[in-house]
Each structure stands twice: as C-alpha cells, then as structure tokens.
2 protein chains.
Amino acid sequence: MALSETNSWTGIREILLRRINDREWSPGEQIPHEAALAEEFGCARATVNRALRDLADSGLVIRKRRAGTRVAQSPPQRATLTIQVIREEVEALGRSYRHSLLGRTEKPLPPALHGAFPVAPDADQLFLTTLHFADERPYAYEERTINPDAALDARSVDFSKISANEWLVHNAPYSHGDLAFFPVSADERLSQKLDTAPGTALFAMERTTWAGETPITHVRMIFAAGYRMRTGI
Amino acid sequence: MALSETNSWTGIREILLRRINDREWSPGEQIPHEAALAEEFGCARATVNRALRDLADSGLVIRKRRAGTRVAQSPPQRATLTIQVIREEVEALGRSYRHSLLGRTEKPLPPALHGAFPVAPDADQLFLTTLHFADERPYAYEERTINPDAALDARSVDFSKISANEWLVHNAPYSHGDLAFFPVSADERLSQKLDTAPGTALFAMERTTWAGETPITHVRMIFAAGYRMRTGI
DNA sequence: TAAGATAATATGCATGCACATATTAAGGTG
DNA sequence: CACCTTAATATGTGCATGCATATTATCTTA
C-alpha cells in the first residue's frame, strides 16, 4: 500500500477509518493487532497505537489488552459540549453583557436537598439569584447555592460586580461535576424575569461541581426563549 | 519532589493538575517547558508531553509551539455527551423497547430546507415519522429526512422492523454532523403522541449527519415529558 | 527606523526498544 | 470433568533520541 498518508499517526488513522467505514472491517470484527498494522504501514508500533487510541477515544473501536481491538457495534455518537462562562458566551455572539444580582441570602440548606448537595445541616449556604443580559435583553436566569466551606471567600465577594458564575470559575477549582439539561415551562415569575409569555418552553441546565467529596456549588440556569445549545459531532 | 506519582503519565498529570488548582501556576501564566518538567520529575520528555497533551485535550492548558504552555484563563467546562441508538438507551434503563412507524412518504425536499439540507431540488427524499416506546409508554417522537443518494438501500428497507435510527447507524457511516438541543411546547398533535398535556415543555434534539459534503439524514427527536439529558464533567 | 532574513526555541511527532499488565488459551491435577 | 496453575499474547506505557514545525526573538539591510 505505502500511501503518502502513512508515517503520520493522523494519516494512519484516516486509513483505518476508511476501512471501518467501507466495511472492510465490519462492526464487531477484530482488526489486525498493532504489530501487524505497523509492519503493513512500515511504521513503528507506537504510531499505530496513537492512531488506534484516537479511534478508541472517539468510540469507534473497542480495545482490550490481550483481547485485541475490534470495531464498535454501534458507534456511539459522542458530542463535546463546551460550556463557557456566560459573559464569554454572550460576548462571543457579538452582544454586550451585563448581569444583575436579584437576591442574596444566607441560610441552611433545605433538608430536601441534602441528598444532592451534602453539606452540614446547620451550615449556612449562600443563595444567589442572578439575571444575565445580552444587549440589555434577558438571556438567562440563574439560581445558585454556594457552599462557603468550599469557596472560602465567597461570603465577602460583591456578586453584583462580578457574577458568581465567573468568580467561581476563577476561584473555586473543581475536580468534577455533573450536568443535566431539561425543559421547563415558564411560570408567571419566570416569564416576567425572562420577558416571555407564560407557558413558553425554556431550556434549563442544572450543574453541581465538587472538589473531591465536597460540593462547591449547585446552579440552575434557565435560558430565555429561543435558546439552542449547539455542537458538532 | 520525586513522589510515587512520578514516572507514570497519569501521575504527572495529577501533579500538574494540583499545581494548577492550587494556583501555584495561575491562569494565564506560562508553565515550565517540557524539558524542564521532565528533568524535575526525572522522566522522559515524552511522558511529560503525554500528561500535558491530556490536560490540553480537556481544555485546562493551552499549548502552542515555541510559545510554550500556559494555564487557560477560564477553563471551559467540557462535557461529553454520548448519544446512543434509542433502543440501547432504553434497554440500558432496564426497560423494554419497541417502535412504531407512523408515516413514510417520498417527496422532494421543501425549498425552505435546502439551506440546511443541500440536495438536488427535484430528488425525492424519504420522510419518516416514528414513535419510540419504553415499556409500552411513549419515549420519543421522531421526524426524519433521509437522502436516498447517501443511504443507498434506504428505499427498500422496512423501517417498521428496524428503526431508521438503528439502520442508519449500521449502514450509513457519517464523517461529521451537527447537533442542537432546544425546548418545545407540546402542541395538540405532539401531546397526543407522547401522552402528555398540551403545553408541556419537552426536550428536543435536532441532528444532521454528513458523508463529506453530502447530507445523509436530518432528524428531529422530541422526548416525552420528564426526560433529562445527563452527563458528567 | 521599518521591513525582511535568520537564528533560537518549545512543542509535535516518529522510531526502536524494553517491560508492565490484563486477559485468554493451554496444560495439568484431583 | 471441573478447577487451578501456567504460559502466551495484545495492548499500555516508559525511555532516549532525532528530526519537523510553528512561532518568537534577533540581527541585517535598505
């Protein structure tokens, strides 16, 4: 074969991809092992390894030690969403950003939420509600809980100057988090804040971030009507 | 330092991660170059490279040749969504799957859609509407356009036996696609199909897949009430 | 001084080798 | 024949080295 694509790991990935797409190797079928491919392409095994690892990362092949590499049965469609700080998201659209702090209270967490946000029952949490604007029109409504034990200076920050969203990103690094998207119907209060008709279907996102075992913040963000979350595959 | 974490690329990644999280290296700041880190950790440069490449993949550092590596200003939150074939998604929930083909027509694409789905104006497209069930309750409603020029045998497939979703995954490999999520309000027709009250806010997904420049299929999937799309960060 | 050529440098990647590790296959034993 | 041990094997990863490539800094030259 000896194509010009050989010798670079991306080139080899393209060759392998083509064989999979052309059904030269069918789903579920085992493909030649690294050493054999390396010999065929006249490159080092590490180069084949890099290409196969990339295909495995995108879910197209399944690799197991000793068992070899096989083509995935139904290649899952993996999409990577990039969730930016809202200010950056708005500014990237070429619109001007502003936010308004609607409310700030400190009180213990309602018992119902202790499952999802495990903090000491009597420890005050910081509750913020914020409205984000793009070109002076409502863009998203945010309800947030911050655990002051995890975000140490949070109590003394003026969140009307910097949004909690942005402050936390820069000051409370998290190890992991979970994320959910779902639709909500605008009630009277929401429709007023987001300047839309009651009953409008809105896009909502909920996120909890953690520093190890300690929850840092929980946020529910509800976007104004017309919001679409997009990505490539 | 010479921790036990040294000598494996994941260990080195953890050390680097800790330095970033502890603000030992602040956002925007340039970090030592690969050779220096390799010397510090007593490992090969390739090992440091692997760790840094991984951090760059997850968006925590920005790398440029000659310019070096610096900590990202606001680490974007990247979430990877895995979108399975609906049958597998339902079965993974431990529920039984069934689908029902509600409609099948062949007609040219409405002119309004030629921008998003560029096919010959007079070429017949295959239009399918499908209802997906989990445990005999409606799970998602699907409206799909298939370009028969890209999915060659599509016209002769009995989509009441195998869902278009699943057939395409196995028979029409795509090179790329785009994906959008948004909310819709259930109208009379939708609320009937999905067995919910009119006006309910529903989660919708739209996806177009391509084989190079040729569009393969466009699908709009509307999920029954209560659906949440979840992922980790 | 400004523009262009040139050198320096950090990352990107390929190679050949060695060893680690998970998993399967084969062999042996009661 | 079931069970355990042992060997074989494919992938995973580390190392040292060399060269490629993008980008920045520096040095010329008009």
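1. Helix axes here are lines fitted to C-alpha atoms over the stretch in contact, and angles between them run from 0 to 180 degrees between N-to-C directions. The model is predicted. With that in hand, start with two helices of chain B. The axes of H2(B), residues 34-41, and H3(B) come within 8 Å and cross at roughly 110°. Angles of 65 to 115 degrees count as roughly perpendicular. H2(B) and H3(B) are therefore roughly perpendicular to each other. The crossing of H2(B) past H3(B) is right-handed.

2. Which residues make the contact between H2(B) and H3(B)? H2(B) brings Glu34(B), Ala35(B), Leu37(B) and Ala38(B). H3(B) answers with Arg45(B), Val48(B), Asn49(B) and Leu52(B). By class, this contact of H2(B) with H3(B) has five nonpolar, one polar and two charged residues.

3. H1(B), residues 9-21, also meets H3(B). Their axes come within 8 Å and cross at roughly 55°. That angle makes H1(B) oblique to H3(B). H1(B) passes H3(B) in a right-handed crossing. From H1(B), the contact takes Trp9(B), Ile12(B), Arg13(B), Leu16(B), Leu17(B) and Ile20(B). From H3(B), it takes Thr47(B), Arg50(B), Ala51(B), Leu52(B), Asp54(B) and Leu55(B). The contact of H1(B) with H3(B) has eight nonpolar, one polar and three charged residues. Note Leu52(B): it appears in the contact with H2(B) and in the contact with H1(B).

4. Now the DNA, beginning with strand D. It is surrounded by 20 residues. The closest are Arg63(A), Ser8(B), Trp9(B), Thr47(B) and Arg66(B). Trp9(B) and Thr47(B) also take part in the contact of H1(B) with H3(B). Of the strand D atoms within 4 Å of the protein, 77% belong to sugar or phosphate, and the rest to bases. By class, the residues divide into three nonpolar, seven polar and 10 charged.

5. Where does the protein make polar contacts with strand D? A backbone N or O atom of Glu34(A) lies 2.7 Å from a phosphate oxygen. A polar side-chain atom of Thr69(A) lies 3.1 Å from a phosphate oxygen. For a base, look at Arg45(B): an N or O atom in its side chain is 3.4 Å from a base oxygen of strand D. Elements giving two or more residues to this surface are H3 (45-57), E2 (61-64) and E3 (68-71) of chain A, together with H3 (45-57) of chain B. H3(B) gives the most, with three residues.

6. Strand C has 22 residues around it. The closest are Ser8(A), Thr47(A), Arg66(A), Arg63(B) and Arg66(B). Sugar or phosphate accounts for 76% of the strand C atoms within 4 Å of the protein, and bases for the rest. The residues divide into four nonpolar, eight polar and 10 charged.

7. Three polar contacts on strand C deserve a look. A polar side-chain atom of Thr47(A) lies 2.5 Å from a phosphate oxygen. One of Arg45(B) lies 2.7 Å from a base oxygen. An N or O atom in the side chain of Arg66(B) is 2.6 Å from a sugar or linking oxygen. H3 of chain A, together with H3, E2 (61-64) and E3 (68-71) of chain B, are the elements that give two or more residues to this surface. Which of them gives the most? H3(A) does, with four residues.

8. Finally, a residue in chain A. Pro138(A) lies in strand E7, residues 137-146. Pro138(A) and Ala56(A) are 82 residues apart in sequence and 42 Å apart in space, C-alpha to C-alpha. Leaving out residues up to four places away in sequence, Pro138(A) touches His132(A), Phe133(A), Lys193(A), Leu194(A), Asp195(A) and Ala224(A).

Notes:
Residues numbered from 1 in each chain as written. Chains lettered and ligands numbered in written order. Predicted model: local features only at pLDDT ≥ 70, side-chain atom pairs only at ≥ 80, totals over all residues. Heavy atoms only, no water. Near = heavy atom within 4 Å. Polar contact = N/O pair within 3.5 Å; in protein donor to acceptor, adjacent residues only side chain to side chain. Nonpolar A, V, L, I, M, F, W, Y, C, P; charged D, E, K, R; others polar. Parallel < 35°, antiparallel > 145°, perpendicular 65-115°, else oblique. Left-handed = near helix turned anticlockwise from the far one by under 90°. Contact = heavy atoms within 4.5 Å.
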